Amino acid sequence: MKPKIFITRKIPKRIVTQIEEVCEVEMWEEEDTPIPREVLEKKVEDIEGLFCLLTESIDEELLNKAKKLKIVSNMAVGYNNIDVGAAKERGITVTNTPGVLTETTADLTFALLMATSRRIVEASDYLRDGKWETWSPMQLTGQDVYGATLGIIGMGRIGQSVAKRAKGFDMNILYYNQSRKTEIEDRLGVRYVEMDQLLQESDFVVIMTPYTPETENLIAKRELAFMKESAILINTARGGIVDEEALYHALKNNEIWAAGLDVFETEPISQENPLLTLPNVVTVPHIGSASIKTRLKMAELAAENLINGVTDKKPAHVVV
Ligand code: GLV
């Protein structure tokens, strides 16, 4: 008998077919609506494998219902949506999809950096709103990227790929990481500094660290106060790493210059969120890894991890 698995969102047919060769598959068929919690709670009772997204909270309560579950395969590199400690205690493997999304996420990070510094969205709206009546010397002027100082908080795979892009813009690159990575410093031309120094000296502060209890609100009022008035904050990691209320006040009061945000404390972001009222904020809806090629690779990798997990082989990307 094939092991039963459940997929929490509609994924491409080709990948479902690949899983069906080994498993009995059931899938939540909606593309844009997350599976209701009560449906997921019922589904997990009877399955050996779960293919899920970062929109599902795989917590202890859910895992308690999953008596036969062997593997939770998350289609994301981040896994803060999963209680990995509770999974480990129950002998459930958790996997993620690192590597395949590194360059795509670094691209989006750089896109936000460019868009905020040169006020691309604001300028586009200005034109479309019929406000462009003349060219003038200081109209819609922004900050330079070329030659500026970039501070990367979290020098993992994506942080390193952002540094490579920054080299092409002759940026002076600082980084802070929980542990110093001397082996990459010469190769990437980056310099290790303590966090406060990074905040004080950088023209762009880019957050690239995982979201853990230690990094929750890592950037709050105190840290924002260290940043230059002309500095720009970019977050393509997880919303909870930045205290959004403190960020709003810093941006509103021009204590920092702009922010480029792909991620938010609560997703989807409420339309009432005051950040959306600020012209110096560029917001996109968590699309860091959203290229067609990369999303397909992530789904394939999550499928491979899942198949290995339910057939008692070691998946390539085990978190616990
Ligand atoms: C996306 O945010 C991911 O963690 O893959």
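## Two loop residues with positive phi

Aspartate 170 has a relative accessibility of 48%, so this residue counts as partly exposed. Keep in mind, as you browse, that the model is predicted. Aspartate 170 sits in the loop between α7 (157-167) and β7 (172-176). Its phi is near 50°, a positive value in a residue other than glycine.

Asparagine 217 tells a similar story in another loop, the one between β9 (204-207) and α10 (221-226). Here too phi is positive, at about 50°, although the residue is not a glycine. With 35% relative accessibility, asparagine 217 counts as partly exposed because that value falls between the limits of 20% and 50%.

## A cis peptide bond

Next comes a backbone feature of another kind. The peptide bond that runs from glutamate 267 to proline 268 is cis, and its omega is near -5°. Proline 268 belongs to the loop between β11 (258-261) and β12.

For context, most peptide bonds are trans, and most residues other than glycine have a negative phi.

## Around the ligand

Which residues surround the ligand? They are Leu54, Ala76, Val77, Gly78, Leu101, Arg238, His286 and Met298. By class, this shell holds 5 nonpolar, 2 polar and 1 charged residue.

Oxygen atoms of the ligand have polar partners in the protein. Valine 77 places a backbone N or O atom 2.8 Å from a ligand oxygen, and glycine 78 likewise has a backbone N or O atom 2.8 Å from an oxygen of the ligand. From arginine 238 the partner is a polar side-chain atom, 2.7 Å from a ligand oxygen. The ligand taken alone exposes 190 Å², and the protein buries 89% of that.

## A buried threonine

Is threonine 236 buried or exposed? Its relative accessibility is 8%, so threonine 236 counts as buried. This residue lies in the loop between β10 (232-235) and α11 (244-252). Its side chain makes a polar contact of 2.9 Å with the side chain of threonine 109.

## The second largest pocket

If you are looking for open space, the second largest pocket offers about 320 Å³. It is lined by 17 residues, and those closest to its centre are Glu122, Leu278, Pro279, Asn280 and Val281.

Two elements, α6 (120-128) and β12 (281-283), each contribute at least two residues to the lining of this pocket. Sorted by class, the lining has 10 nonpolar, 4 polar and 3 charged residues.

Terms used
Residues numbered from 1 in each chain as written. Predicted model: local features only at pLDDT ≥ 70, side-chain atom pairs only at ≥ 80, totals over all residues. Heavy atoms only, no water. 1 Å grid on protein atoms, 1.4 Å probe; cavity = no way out; pocket = protein on both sides within 12 Å on 5 of 7 lines; lining within 4 Å. Points joined across faces, edges and corners; volume = space filled by probe spheres on them. Helix = DSSP H or I, 4+ residues; strand = E, 2+ residues; numbered from the N terminus. Nonpolar A, V, L, I, M, F, W, Y, C, P; charged D, E, K, R; others polar. Near = heavy atom within 4 Å. Polar contact = N/O pair within 3.5 Å; in protein donor to acceptor, adjacent residues only side chain to side chain. Areas by Shrake-Rupley, 256 points an atom, 1.4 Å probe, with all protein chains shown as cover. Buried < 20%, exposed > 50% of the residue type's maximum accessible area, 1.4 Å probe, protein only.
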